[in-house]
Amino acid sequence: VYKRQIRKFVARHRLPTAAAAFVLAGAIGMTAFYTRQLALERDTAEQTATFLSDLFAASDPYQNNQDGLTVETLLETGLEKLEGNSELSPLVRARLLTTVALVQRNLGNLDHAETLATEALDLAETHAGKQHKLTLPPMSVLSRIKTTAGDYASAKALAQRMLDVSDTTLGRESKEAAQATHLLSIQAYRDGDIETMGSWAKETYAIRKAIYSDDDMALATGATALGLYYWQSGDLERARDYYAESADIQDAQPERNKLQYASLLHNLALLHNDTGDYATAVATYERSVAIRREAGSEKDHILPLTLYALAHSQSRLGNMPAAHRSFIEAVRRQADVAGREQHMVAYALNGYGMLLEEMGAHDHAGRLLAEANRIMETVFEEDHMDQAELAEARANPPIA
């Protein structure tokens, strides 16, 4: 059920007859245009709902004698139905492909996710127009996929384009603009441009404050973005305040999103690590890892980062055997998520190599550090911020 708010504008002065006729003609044209847009969105929503209803009914293990239903099985079933259903409109297909692409990204299947999101965006642009708001969901998902894959330039371009379209079609105070400004904040962080990151973080928080209730998870995302900015700019007190706000909102949810909460714990643990409280950092990381092991997939793209950070804090605490185990798993999982030739694999190898140096295994450490450097030189130009970070042997950054 959709609620529509209708604003009535009352003219206080008479207009000349010719001007009134012109305005009336324009109003009729605009009414026809928006009527078509509403009909398009209504039909797309109804057909999408019907398709999903049929999909879940067909996937019922009690009706189809299946032993059980996994996310992967449901996705495979859904894609088969999409490919075999010629009656679905292109915009319904785009909407469904966007959803599947997001889930595939969250499962760590980046190549497949990118293919699906790209197809969804092409369909939306072709059949609704490049400036239509139906292009926003696939743009958002594709930007996130590009970020996870390390293609920051493409991710940033998609986020900026998303903001331009949302400004034109929905206005700045919209959930789509909130998403776009958050994505731009993340990209500025990845670029090492902390001031620009702060500008976007403040904007996404302000938008969310204006359009969401104080207990909405969308506001928690904005608070986390601001917390990350203040942390990176050296204001740890403000960082803690915004992370605490995010934590309070998440704790108030009747059904908390476990993976989002695990990410928040990751960042809180980093704050403890940065202030030298390694014991609390390790305990908090371990909670985050436990949640991700239970709720995530084998290709969870955040778990390797948390394992890396856990290993770093374990080594600072002096627990070298535990740090060794955490680094081994972090390297393996990071390679499984994005492939061996990725900068985040180089981070993991670099951290592991540094640990081995501390433990006296210099030959093994040298081989790992050399491999890490080779990957970074392959992936990035020499002056890229990530190349510099590797050379300075910085620890794993917070999760944006």
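**Helix α6, the cores and the aromatic pairs**

Me: In this predicted model, what distance does helix α6 (residues 136-148) reach from its first C-alpha to its last?

Reply: Helix α6 has 13 residues, and at 1.5 Å a residue the expected span is 18 Å. The distance from its first C-alpha to its last is close to that expectation, at 19 Å.

Me: How many of the 13 residues of α6 are buried?

Reply: The buried residues of α6 include L136, P138 and M139, and also K146, T147 and T148 towards the end of the run. Helix α6 is largely enclosed by the rest of the structure, because the number of its residues that count as buried is eleven.

Me: Which helices do the buried residues of α6 pack against?

Reply: Just after α6, G150 takes a positive phi of about 90°. The buried residues of α6, among them V141, L142 and I145, pack against α4 (90-107), α5 (110-128), α7 (152-169) and α8 (175-191).

Me: Which helix gives the most to the largest nonpolar core?

Reply: The largest nonpolar core has 54 residues, and Y285 and L349 are those with the most contacts inside it. Ten residues of this core come from the helix that gives the most to it, which is α10 (residues 217-232).

Me: Which residues does L349 touch, not counting residues up to four places away in sequence?

Reply: L349 is one of the residues with the most contacts inside the largest nonpolar core. With residues up to four places away in sequence not counted, L349 touches V331, R340, L368, E371, A372 and I375.

Me: What is the arrangement of the aromatic pair formed by W231 and Y243?

Reply: The ring centres of W231 and Y243 are 6.1 Å apart, and there are 85° between the planes. Planes over 60 degrees apart count as edge-to-face. W231 lies in helix α10 and Y243 in helix α11 (residues 236-251), so the pair ties together parts that are twelve residues apart in sequence. Both residues are buried, and the pair they form is edge-to-face.

Me: How many residues apart are Y308 and F327?

Reply: The rings of Y308 and F327 have their centres 5.4 Å apart and their planes at 85°, so this pair is edge-to-face. Y308 counts as buried at 4% relative accessibility, and F327 is buried with a relative accessible area of 3%. The pair links distant parts of the chain, with Y308 in helix α14 (residues 303-317) and F327 in helix α15 (residues 320-338), and the separation is 19 residues.

Technical notes
Residues numbered from 1 in each chain as written. Predicted model: local features only at pLDDT ≥ 70, side-chain atom pairs only at ≥ 80, totals over all residues. Heavy atoms only, no water. Core = buried A, V, L, I, M, F, W, Y, C linked by side-chain atoms within 4.5 Å. Buried < 20%, exposed > 50% of the residue type's maximum accessible area, 1.4 Å probe, protein only. Helix = DSSP H or I, 4+ residues; strand = E, 2+ residues; numbered from the N terminus. Contact = heavy atoms within 4.5 Å. Phe/Tyr/Trp six-rings, centres within 6.5 Å; stacked < 30°, edge-to-face > 60°. Expected span 1.5 Å × (residues − 1).
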